Structures are given as C-alpha cells and as structure tokens.
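Here are a few exercises to help you find your way around a new structure. Grab a viewer, try each task, then check the steps below it.

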Amino acid sequence: MLKGKCALITGSTQGLGYAMAERLAAEGCHVALNGFGDPAEIEHKRRHLEDSHGVRVLHHGADLGVPDQITDLVGTAERAFGAVDIVINNAVVRHFSPLEDFKTEDWDRALAVNLSAAFHVTRLALPGMRRRDFGRIVNISSIFGQRGTVNRVDYVTTQTALIGFARAVALEVAGQNITCNAICPGSSPTPAIEQRLADFMAEKGQPRDDAVRSFMASRQPSGRFVAMDGVASLTAFLCGAGGRDITGAAIPIDGGWSAS
C-alpha cells in the first residue's frame, strides 16, 4: 500500500525521525528528509536510504520556525515526488528552566517549531491529500503530552497541543481516506536523551546498564528505553492499510509509563 507514496518527515536527519524515515523507505516510500546537521553526514544518510531501499530521497534544510521555509519544504517535496501522501510532524526543540526564568525567545521558538510547524506542514499538504483521497498525518508527541513535569513548560505545552491538533484534524478529514493521529513515546535513546544519560552516568559514577535502570526508575516500568524501531514500526502501521480506521488517537508507546 505504501510503495510509491511520499513521506515528509520533519526533524529527520537523526534519532527518531531518521528511524521512521528508514522504516517508511523500507515500505517503499519516497522520503523528504528535513533537519540540520553536518552536510556530509546528511548526504551519507540520504544516499543510504536510496541505495538500501530503492527509493528516492531528498533533504531540505528548512528552519521550521520560519513559515516561508516550510512552504518551500512542502513545495519542493510535491514537485520532486508529485505529492506528499504522508506527513510525520516530528521536529522538536526542548528547553529546561523554571517558568519564572524561562526566556521568552525560547518559548516563542518552541511554539514555532514544535507546534506551529505541524500546523503549517499539515495545512499545506492537506489539499493534495483531499484531491487524491489519501493521506496519513502522524504527530510525534510524548508521554509529556499526557503528563506534566517540572521545568519543561514549553515541551509539556506543545506536546499536549499536538494531541489536540490531531483530534481536530481527524474530525475535519473523517469523511475521506485521511487519518491524523498522535504517538506518545516514552524515553528513547535519541541523541538528546543519550546526552542526558551521559551526564547522569558522570554524576552517579555508574556504568551504562546500571545508569539506564536508575534513569528509568521514576519513568518507564519496563526499566529500558523504548526502541526507536518500535516507534517507527507503529508509525508505519498507522500509515498502512491496517491503520485506516485509527484516527484522532493518542497512542502511548512508553514501557508502561502512562499506566503507572
């Protein structure tokens, strides 16, 4: 079902975004990557997807805090592949600060990248989805879209809003073969989490396996990271035939965190 479709994935040059790109490419999707990083490394990853899966892959370095660049990102993908069939709103920025010390520019940046970018990408891709009567929109939220935590007001707010956005869009497109859902992962070994784990290991003086168990003690009852491949597999399922009637949902994949 997904062979020949185009998947546009924001924030996909590393971590969870790239894992989803790899899985959708394996399903036969052409892929529009987006994100920052070392140009040579990004090109290596782009070529890897093409060579490994026999699909076409482009990279666009749009800054998702700038609406005009988002317009160019979606337009470039549509011109290259003829359509944007799948949108994965994955890009995110995070800041850590008590509310009274939170910088206004950091708040504005988080709203722009984490939330408004999802609105703009979806808004721009949706008319083509309606014309073709096919579309899959997946917002990558977080366990913190369903729970609060301290010193992360921008992240909790925007990840919660992505769930509401998914529900609203799902109802608007319910009469067509278009779905919109939110996935709420727990902690995965993304570059950002790996850095936090490294800091935790240094602070506690623990080897990695012990540090992971300690790090997870107040988080995931499973005691282990959520595998990025698992999140990618769930994304692919929602985009495929089996996900046709799943829409407006907020789906946890968090090692039991939301159940505790």
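**Exercise 1. Work out what surrounds aspartate 254.**

Step 1: Start with the side chain of aspartate 254, which makes a polar contact with the side chain of serine 258 at 2.7 Å. (A polar contact is a pair of N or O atoms within 3.5 Å; within protein, one must be able to donate a hydrogen and the other to accept it, and residues adjacent in sequence count only if both atoms are side-chain atoms.)

Before going on: this is a predicted model, where local features need pLDDT of at least 70 and side-chain atom pairs count only at pLDDT 80 or more, while totals for chains, interfaces and linings use all residues. Numbering runs from 1 along each chain as its sequence is written, and side-chain values use heavy atoms, with hydrogens and water left out.

Step 2: Look at glycine 256, whose backbone nitrogen sits 3.1 Å from a polar atom of the aspartate 254 side chain.

Step 3: Check for a charged partner. Aspartate 254 is buried but has no salt bridge, and the nearest side chain of opposite charge, arginine 147, is 6.9 Å away. Buried means under 20% relative accessible area, exposed over 50%, and partly exposed in between (1.4 Å probe, protein chains only). A salt bridge needs a side-chain nitrogen of Lys or Arg within 4 Å of a carboxyl oxygen of Asp or Glu.

Step 4: List the contacts (heavy atoms within 4.5 Å). Not counting residues up to four places away in sequence, aspartate 254 touches Ile143, Cys184, Pro185, Gly186, Gln220 and Val226.

**Exercise 2. Is proline 39 buried or exposed?**

Step 1: Place proline 39 in helix α2, residues 39–53. (Helices, H or I with at least four residues, and strands, E with at least two, are DSSP runs numbered from the N terminus.)

Step 2: Read off its relative accessibility of 61%, so proline 39 counts as exposed.

Step 3: Measure across to glycine 61: it is 22 residues along the chain from proline 39, and their C-alpha atoms are 9.7 Å apart.

**Exercise 3. Explore the largest nonpolar core.**

Step 1: Know the term: buried Ala, Val, Leu, Ile, Met, Phe, Trp, Tyr and Cys residues joined through side-chain atoms within 4.5 Å.

Step 2: Pick out Leu8, Leu64, Val84, Val87, Met129 and Ile137, which touch the most other members among the 33 residues.

Step 3: Find the main supplier, α4, which gives the most to this core with seven residues.

Step 4: Spot the separate core of 30 residues, including Ala19 and Leu238.

Terms used. Lys, Arg positive; Asp, Glu negative; His and termini not counted.
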